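Open the model in your viewer and keep the selection box handy. We will go from stop to stop, with a note on what to select and what you will find there.

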Amino acid sequence: MIRRLLFATAIMTSMNSGAQGLTYPVTPKDGTVDEYFGVKVPDPYRWLENDTSAQTAAWVKEENKVTDAYFATIPHRKALAERLKQVADYEKVGIPFFRHGKWYFYKNDGLQNQSVMYVMDQLGGEPRVFLDPNLLSDDGTVALKGVYFSHDGKYAAYSISRSGSDWEEFYVLDAKTGKPLADHIEWAKFSGAAWHGDGFYYSAYDSPEKGKEFSNVNEGHKIYYHRIGTPQDNDQLIYMNPMFPQRFYSVSVNEEETMMFLYESGAGAGNNLFVRDLRVPGSQFIQMTSDMDLSYNVVETIGDKIYLMTNEGAPKSKVTVADIHRPGIGQWKTLIPEGDDVLESADIIDGHLLLTYSKDASTHAYVHTLDGKRLHEVTLPSVGSAGFSGRKERKECFFSFSSFTVPGTIYQYDIATNKSVLYQAPKVNFNLNNYVSEQVFFQSKDGTRIPMFITYKKGMKRNGKNPVLLYGYGGFNISLGPSFSAMRMPFIEKGGIYAMVNLRGGNEYGEEWHLAGTKMRKQNVFDDFIGAAEWLIANKYTNPQKIAIQGGSNGGLLVGACMTQRPDLYRVAIPQVGVMDMLRYHKFTIGWNWASDYGTSDDSREMFEYLKGYSPLHNLRPGTSYPATLVTTADHDDRVVPAHSFKFAATLQECNAGPNPVLIRIDSKAGHGSGKPMSKVIEEQADIYGFIMHHLGMKF
């Protein structure tokens with residue numbers, strides 16, 4: 001590929017008149033042109049990729065001025081923010097979990113920026129604060145990523161992220177007293193803490209170039225061992241693979257500290273797995289698998305047995321058993337074969353296997369003996385999503401259940417009697433009985449049967465006039481199940497229909513469903529989403545002037561592709577932290593890791609042409625009338641760098657010929673979304689829903 005960079009042709013002091021009397025900043029063009037397989041592709045806003053330059057900062061400031069001024073004109077914006085605050089203000093409690101004689105759980109009183117970790121001496125006992133991340137920053141932008149107890153119960157390592165970044169820092173507490181120790185680790189990423197003796201393993205990169213912490217390509221993932229009480233400079237390098245710098249490496253150690261597992265990923269849709277026998281002095285890792293397009297995950301170890309969940313030879317996944325003395329995949333034995341539904345998770349609790357399956361995107365759970373015999377199905381409250389928690393040696397078992405109309409509710413489950421009792425139910429300040437959720441199926445463009453959940457207020461009439469918010473993702477083997485969000489409630493209260501569609505590219509029906517939405521078949525995902533909107537129109541739920549579409553990350557790509565392919569089909573588009581430049585996505589941070597789903601513009605001319613054919617940035621056409629669009633991103637997003645959204649918004653403002661506004665909301669001290677404080681969540685959701693409801697003609 002050859003790049004030709006020309007000089008900047010303007011400075012950003014003038015403004016550009018746009019829709020509804022809006023005046024957008026004039027975004028200078030630098031004349032950049034790339035050449036792919038002999039095809040020249042302009043990229044005039046390349047300079048916006050430099051997220052730390054003064055010129056980019058000035059552009060961000062001017063764009064946010066326009067956006068903020070527009071939000072101020074939305075009549076119901078303030079009332080909506082207040083209502084969002086009201087519906088979010090309820091106690092949210094997580095599943096209790098047992099560690100070293102104590103019980104722990106997370107709780108948010110309602111509007112706390114971050115959830116607090118509590119400890120109890122016995123189940124149901126008086127809780128005490130164990131770790132409060134709200135004390136780590138004044139504005140709630142330091143988030144707790146994970147807590148990891150040493151196997152002897154002496155220590156607890158915890159990781160934090162700042163301002164939503166994927167970069168992590170580790171600290172250590174005395175687990176008995178809660179006293180912080182001096183240990184501090186920086187520049188960890190995509191890492192847990194795997195304890196072994198008086199220290200733990202973690203994964204990190206070399207310190208990044210100053211000023212490029214959130215944009216430069218991440219290469220050279222390394223595993224280190226940190227011994228408690230020593231500085232990070234003394235940490236021992238345990239593993240690195242310079243032959244493959246663009247891969248991820250992490251380790252786990254079982255509770256008994258007899259086995260260590262090494263995971264290698266980033267070069268396919270799955271991972272490789274290695275094992276090391278810690279009982280043998282000087283032992284080395286033994287490779288168990290060799291196909292990184294398949295997934296291999298350790299469930300638990302019992303003695304010399306290794307229980308695994310894998311989709312090897314089973315697109316909907318199965319449970320197998322390996323032996324530490326014969327760990328190669330050819331020696332594994334199938335314990336629970338692949339079934340009709342997708343195996344989502346496997347746990348060993350109280351000496352039993354507890355398996356959850358996804359059937360048409362909803363959870364079903366079953367209990368098996370350790371030799372694979374199915375005993376019974378767990379009765380769940382209704383159609384929804386459930387996740388289980390427990391330990392292999394203890395009777396206590398809990399599960400959390402939620403749906404579109406049921407907030408996260410905790411049940412205690414007795415495996416022996418197959419009975420559940422309510423443990424903790426949130427008390428919300430709105431009537432959930434006023435709403436209903438149903439699942440429908442429709443045919444996509446090629447005849448594939450696609451599921452979709454729709455949630456609305458009772459009494460809704462199918463008169464073709466209802467406002468609809470259509471949400472999807474469709475990628476990376478990620479399934480979307482029923483879930484609750486208080487942020488949706490004001491929209492539904494005022495007559496809106498929330499529709500979530502299960503697109504190809506996810507894992508709702510296994511690996512074949514995933515592959516049907518990848519690389520040269522990515523258009524299937526967009527066809528599914530377009531088909532969902534067309535079905536809602538044909539069945540009198542709504543019409544094109546009443547549809548808003550929303551998605552984040554890969555879902556932002558989805559929204560960007562669909563609004564450029566069918567701008568006539570939607571009234572509003574909300575692409576959030578989206579992958580908008582499909583020709584250059586792999587050149588930033590960990591974008592290279594997405595090649596297994598997307599392919600890259602470097603692969604072949606055919607792949608380049610396919611990507612260019614749907615890339616949102618490259619399919620905006622001058623003189624086209626686009627939906628009212630609100631692009632969202634954040635300054636610390638080092639997953640999908642903000643340059644994607646910057647370049648897309650600038651191009652869309654230039655191309656849009658219709659009356660609808662094109663705005664970009666650029667948050668500060670925020671990242672891809674994880675760990676965002678509640679105060680910022682409410683602000684962002686008030687802006688997004690305010691924009692949606694305003695342009696769908698909804699009264700508040």
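Start by selecting helix α1, residues 54–72, in this predicted model. At 1.5 Å a residue, its 19 residues should span 27 Å, and the end C-alpha atoms are 27 Å apart, so expectation and model agree.

Stay on α1 and colour its buried residues: T56, W59, V60, E63, N64, V66, T67, Y70 and F71. Where do they sit around the axis? They cover an arc of only 160°, which puts them on the same side of α1. In general, an α-helix has 3.6 residues a turn, so residues three or four places apart point the same way. Now turn to the other side of α1, where A54, K61 and A72 are exposed.

To see what lies over the buried residues of α1, show β3 (23–25), α2 (77–88), β41 (628–634), α9 (643–655), β42 and α10, which are included in the cover.

**Next stop: the nonpolar cores**

The largest nonpolar core has 117 residues. Which residues have the most contacts inside it? Select M452, L470 and I549. Then zoom in on M452 and leave out residues up to four places away in sequence: M452 touches E438, Q439, V440, F442, L470, A499, M500, V501, A532, W535 and L536. Another core lies apart from this one and has 15 residues; Y104, M117, F130 and A156 are among them. As a rule, in soluble globular proteins, nonpolar side chains tend to be buried together.

**Next stop: charged pairs**

The structure holds 40 salt bridges, and a few of them make good viewing. Side chains of opposite charge can pair when their charged atoms come close. Select K669 and D139, whose side chains meet in a salt bridge with an N to O distance of 2.8 Å. K669 lies in the loop between β42 (662–667) and α10 (678–695), while D139 is in the loop between β10 (128–131) and β11 (142–149), so this pair ties together parts that are 530 residues apart in sequence. Both ends are partly exposed: K669 has a relative accessible area of 38%, and D139 has 29%.

Now move to R504, in the loop between β38 (497–501) and α4 (511–515). Its side chain meets that of D446 in a salt bridge, 2.8 Å from N to O. D446 sits in the loop between β35 (435–443) and β36 (449–457), 58 residues from R504. Is R504 buried or exposed? R504 is buried, with a relative accessible area of 5%, whereas D446 is partly exposed at 47%.

Keep R504 selected and add D528: these two also form a salt bridge, with the closest N and O atoms 2.8 Å apart. D528 belongs to helix α5 (residues 523–538), so the pair ties together parts that are 24 residues apart in sequence. D528 is buried, with a relative accessible area of 0%.

For a network view, select D34, D43, R46, E49, D581, R584 and K647, which are joined into one network by salt bridges that share partners.

**Last stop: S215**

Finally, select S215, in the loop between β16 (199–204) and β17 (222–227). S215 is buried, with a relative accessible area of 7%. What is it in contact with, leaving aside its neighbours within four places in sequence? Show D51, F588, T589 and V641 around S215 to see those contacts.

Definitions and conventions. Residues numbered from 1 in each chain as written. Predicted model: local features only at pLDDT ≥ 70, side-chain atom pairs only at ≥ 80, totals over all residues. Heavy atoms only, no water. Salt bridge = Lys/Arg side-chain N within 4 Å of Asp/Glu carboxyl O. Helix = DSSP H or I, 4+ residues; strand = E, 2+ residues; numbered from the N terminus. Buried < 20%, exposed > 50% of the residue type's maximum accessible area, 1.4 Å probe, protein only. Core = buried A, V, L, I, M, F, W, Y, C linked by side-chain atoms within 4.5 Å. Contact = heavy atoms within 4.5 Å. Expected span 1.5 Å × (residues − 1). Arc of directions from axis to C-beta.
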